[in-house]
Amino acid sequence: MSAAASGSFTLGDDLTINRLGFGAMRLTGQGVWGPPTDRDECVLVLRRAAELGVNFIDTADSYGPYVSEEIIREALHPYDGLVIATKAGLLRTGPDVWIPLGNPSYLRQECEMSLRRLGVETIDLFQLHRIDPDFPLADQLGELVALQGEGKIRHIGLSEIDVEQLDAARQIAPIVSVQNMYNVTNRKAEALLDAVTEQNIGFIPWFPLAGGPLAAPGGPLQQIAKAHDASSSQVALAWLLKRSPVVLPIPGTSKVAHLEENVAAAEITLTDQEFEALSAAGAAQ
């Protein structure tokens, strides 16, 4: 079992990762607020992920807030062979509360604090968690470009955007990744995925395992999963990996057993017929 079976992708021109990564949002308490119920298990999850070839870890300052980054440092520092991505641009004031804040001074502060929490001099991939409509995009990305020039950020990414925003952003800064909600049943970012596929920009789908009615008994996911002796979640990940070579799924968990199940999905190869059947069923939802 290895995440290497998912294939590889190069962010920018220098960071080659296995496509199946790990999203670290679940290494926190309820409502993505405060510490997790079992911190020791979360540390084990991260270390096991690295053992299984997962070398792309995605987190954010807002997860906890700060908790996820702190656990990542405890478990994985000095990150030999790993790419650690984080984000800033969402203010947290309580459980399940997410407030866009793109003040350039705030973005700089959060980058500086993430550097300290993660224990690095350069953040491999720093993503603007949301574009804040209250500040010009040029000011928000301009601050990240300045941090990049100072050597504090290697590459810049964006989260929850559309094609028009991507085009505007690329006039200001080199963008190596985008991160939007996307899965077999939620396809609102289809146009964006098509655009970044053409431009060879990484697409990081968050909430990748949603199946809804497709995963119900007798549903398409379950039928195909049975044919592969797999779970519906594993097939949902396999569908994402087949959808485009730039897709970088980041399923997250706080349990080692669930992590191992997710990584095993890298070994599943759907037939073209299975892929098209799931695509059609998901689009109909």
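Phe207 sits in the loop that runs between strand S11 (202-206) and helix H7 (220-227). In this predicted model, the phi of Phe207 comes out near 55°, a positive value in a residue other than glycine. That is worth a second look, since most residues other than glycine have a negative phi. As for its surroundings, Phe207 is partly exposed, with a relative accessible area of 45%.

Asp229 tells a similar story a little further along the chain. Its phi is near 50°, again positive in a residue that is not glycine, and its place is the loop between H7 and helix H8 (232-243). Is Asp229 buried or exposed? With a relative accessibility of 75%, Asp229 counts as exposed, because the cut-off for that class is over 50%.

The backbone also has its share of cis peptide bonds. One joins Gly64 to Pro65, with omega near -10°. Pro65 belongs to the loop between strand S4 (56-58) and helix H2 (67-76). Another cis bond links His77 to Pro78, this time with omega near 20°. Pro78 falls in the loop that leads from H2 to strand S5 (83-88). Both stand out against the general background, as most peptide bonds are trans.

Turning to the interior, a search of the whole structure picks up one cavity of 30 Å³ or more. The volume of this largest cavity is about 30 Å³. Which residues line the largest cavity? The lining is made up of Leu20, Gly21, Phe22, Val54, Pro251, Leu259, Asn262 and Val263. Helix H9 (residues 256-264) gives the largest share of that lining, with three residues. Sorted by class, the lining has six nonpolar and two polar residues, and no charged ones.

Now for the chain overall. Ten helices and eleven strands are found in it. The radius of gyration is 18 Å, close to the 19 Å that the globule rule gives for 285 residues, so the chain is as compact as a globular protein of that length. Along the principal axes, the C-alpha trace spans about 50 × 45 × 35 Å.

Of the 285 residues in the chain, 54% are buried. Contacts reach well along the sequence, too: among those with a separation of 6 or more, 74% are between residues 24 or more positions apart. On the outside, the chain exposes about 11700 Å², and carbon and sulfur atoms supply 50% of that area.

Terms used
Residues numbered from 1 in each chain as written. Predicted model: local features only at pLDDT ≥ 70, side-chain atom pairs only at ≥ 80, totals over all residues. Heavy atoms only, no water. Helix = DSSP H or I, 4+ residues; strand = E, 2+ residues; numbered from the N terminus. Buried < 20%, exposed > 50% of the residue type's maximum accessible area, 1.4 Å probe, protein only. 1 Å grid on protein atoms, 1.4 Å probe; cavity = no way out; pocket = protein on both sides within 12 Å on 5 of 7 lines; lining within 4 Å. Points joined across faces, edges and corners; volume = space filled by probe spheres on them. Nonpolar A, V, L, I, M, F, W, Y, C, P; charged D, E, K, R; others polar. Rg over C-alpha atoms; globule rule 2.2 N^0.38 Å. Contact = heavy atoms within 4.5 Å. Areas by Shrake-Rupley, 256 points an atom, 1.4 Å probe, with all protein chains shown as cover.
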